[in-house]
Amino acid sequence: LREKNPVLWAAATVELSQVLTLLNSLYLLGLQKPGRLNSNETLVVHIIESGPREYVAGQQWEEVLHILPHLQNIYVQFITNMDSAYNSPLAPFETCPNCARGNRTRHYGIFKGKYHEYRKTSKDYRKPDIVLAFEVGIHETKESWIQDLELIKSMKVPFCLSWYSVYDYQMDGFCLLMSGLKYLVNPTLNPFRSLHDMIDMNPDMESDKCCELFYSIQKYFAIMQG
């Protein structure tokens with residue numbers, strides 16, 4: 001596909017970059033191996049400050065089951081503050097025929113609110129194996145992140161983040177380090193970033209920002225932990 005239709009290939013990586021970034025993080029941490037998760041056959045993922053790209057295209061997360069054959073179940077909890085979002089209890093969704101024959105399941109839920117609110121109030125809470133945050137811009141609303149970062153630090157679970165640009169990860173990284181989180185994997189160019197480059201229509205050429213005229217989804221990533 002990459003050679004026959006490079007445009008379609010690039011478009012496909014927009015959605016798949018999220019799943020592949022998750023899988024790459026699991027491999028870097030050794031969590032893809034049997035016996036390394038909280039439950040041997042179940043992967044629990046929390047995606048905080050998630051948006052439509054994460055929860056509308058929900059079927060993409062089933063690919064994790066296809067890549068890691070020892071898994072029987074994946075639970076993906078989306079935590080969002082989007083105005084258009086709504087609370088949806090964690091529930092099973094239809095899987096592909098092969099997964100259905102093997103009794104493998106995927107469960108999704110949506111919680112509208114902040115991560116620390118989800119932890120305190122949701123009956124669906126399951127201890128995560130990994131927490132994800134994609135292009136959330138922590139430095140832009142850092143006061144609203146204080147309780148969430150304190151919670152993540154106390155949980156002692158891997159926290160994978162991604163950014164559009166060097167400037168974003170530098171600014172977010174300062175906030176994250178100040179919260180007491182430490183890098184397990186330093187910020188770096190993501191080998192599984194989207195290949196669909198986009199132009200920044202309003203680059204701030206006059207500021208001290210590390211300006212990048214082109215950006216892409218999941219361009220840079222890092223993994224942290226308390």
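Start by selecting S25 and showing whatever touches it. Setting aside the neighbours within four places in sequence, you'll find S25 in contact with I130, C160, F221 and I223. Keep in mind as you click around that this is a predicted model. S25 itself sits in helix α1, which covers residues 6–29. Is S25 buried or exposed? Its relative accessibility is 0%, so S25 counts as buried.

**Next stop: the sheet**

Now switch to a cartoon view and pick out the strands. Eight of them make an open sheet, in the order β3-β4-β2-β1-β5-β6-β10-β7, and the pairing is mixed. Which strands stand at the edges? Select 88–93 for β3 and 182–189 for β7: each has a single partner strand, so one side of each is left without a neighbour in the sheet. If you look at how the strands are angled, neighbours in this sheet are turned by 15° against each other on average, ignoring direction. A bit of background helps here: strands of a sheet pair through backbone hydrogen bonds, in either a parallel or an antiparallel way.

For a parallel example, select residues 73–80 (β2) together with residues 105–112 (β4); these two strands pair over eight bridges. Want one bridge to zoom in on? Try F78, whose bridge partner in β4 is I110.

**Stay on F78 and show the rings**

The whole structure has seven aromatic pairs. One of them joins F78 to Y108: the ring centres are 6.0 Å apart and the planes make an angle of 55°, a tilted arrangement. F78 belongs to strand β2 and Y108 to strand β4, so to speak a link between distant parts of the chain, 30 residues apart. Both F78 and Y108 are buried.

Now add F93 to the selection. F93 and Y108 also form a tilted aromatic pair, with 5.2 Å from centre to centre and 40° between the planes. This pair links strand β3, home of F93, with strand β4, home of Y108, and the two residues are 15 apart in the chain. How buried or exposed are these two partners? F93 has a relative accessible area of 42%, so F93 is partly exposed. Y108 comes in at 6% relative accessibility and therefore counts as buried.

While the rings are on display, select F111, Y115, Y118 and Y125 as well, which form one aromatic cluster.

**On to the charged side chains**

Side chains of opposite charge can pair when their charged atoms come close. How many salt bridges does the structure hold? There are four.

Select K114 and E49 to see one of them, with the closest N and O atoms 2.9 Å apart. K114 is in the loop between β4 and α5 (115–121), while E49 is in the loop between β1 (42–48) and α2 (52–55), and 65 residues separate the two. K114 has a relative accessible area of 11%, so K114 is buried. E49, at 25% relative accessibility, counts as partly exposed.

Leave K114 selected and add D148. These side chains meet in a salt bridge too, at 3.5 Å from N to O. D148 lies in helix α6 and K114 in the loop between β4 and α5, so this pair ties together parts that are 34 residues apart in sequence. D148 is buried, just as K114 is. Put the three side chains together and you have a network of salt bridges linking E49, K114 and D148.

For another salt bridge, pick E62 and R106, whose closest N and O atoms are 3.2 Å apart. E62 lies in the loop between α2 and α3 (63–67) and R106 in strand β4, so the pair ties together parts 44 residues apart in sequence. E62 is buried at 2% relative accessibility, and R106 is buried with a relative accessible area of 7%.

**Last stop: helix α7**

Select residues 166–178. This is α7, which lies across β6 (159–163), β7 and β10 (220–225), running at about 150° to β6. The helix has 13 residues and reaches 18 Å from its first C-alpha to its last, close to the 18 Å expected at 1.5 Å a residue.

Which residues of α7 are buried? Colour V166, Y167, D168, Y169, D172, G173, C175 and L176. A handy rule for reading the later part of that list: an α-helix has 3.6 residues a turn, so residues three or four places apart point the same way. Now show what covers those buried residues, including α6 (146–155), β6, β7 and β10.

To finish, step past the end of α7 to G180, where phi is positive, near 105°.

Definitions and conventions. Residues are numbered from 1 along each chain as its sequence is written. This is a predicted model: local features need pLDDT of at least 70, side-chain atom pairs count only at pLDDT 80 or more; totals for chains, interfaces and linings use all residues. Side-chain values use heavy atoms; hydrogens and water are left out. Two strands pair if DSSP finds at least two bridges between them. Helices (H or I, at least four residues) and strands (E, at least two) are DSSP runs, numbered from the N terminus. Axes are lines fitted to C-alpha atoms, for helices over the stretch in contact, and angles run from 0 to 180 degrees between N-to-C directions. Contact means heavy atoms within 4.5 Å. The expected span of a helix is 1.5 Å times one less than its number of residues. Buried means under 20% relative accessible area, exposed over 50%, partly exposed in between (1.4 Å probe, protein chains only). Rings of Phe, Tyr and Trp (its six-membered ring) pair if their centres lie within 6.5 Å; planes under 30 degrees apart count as stacked, over 60 as edge-to-face and the rest as tilted.
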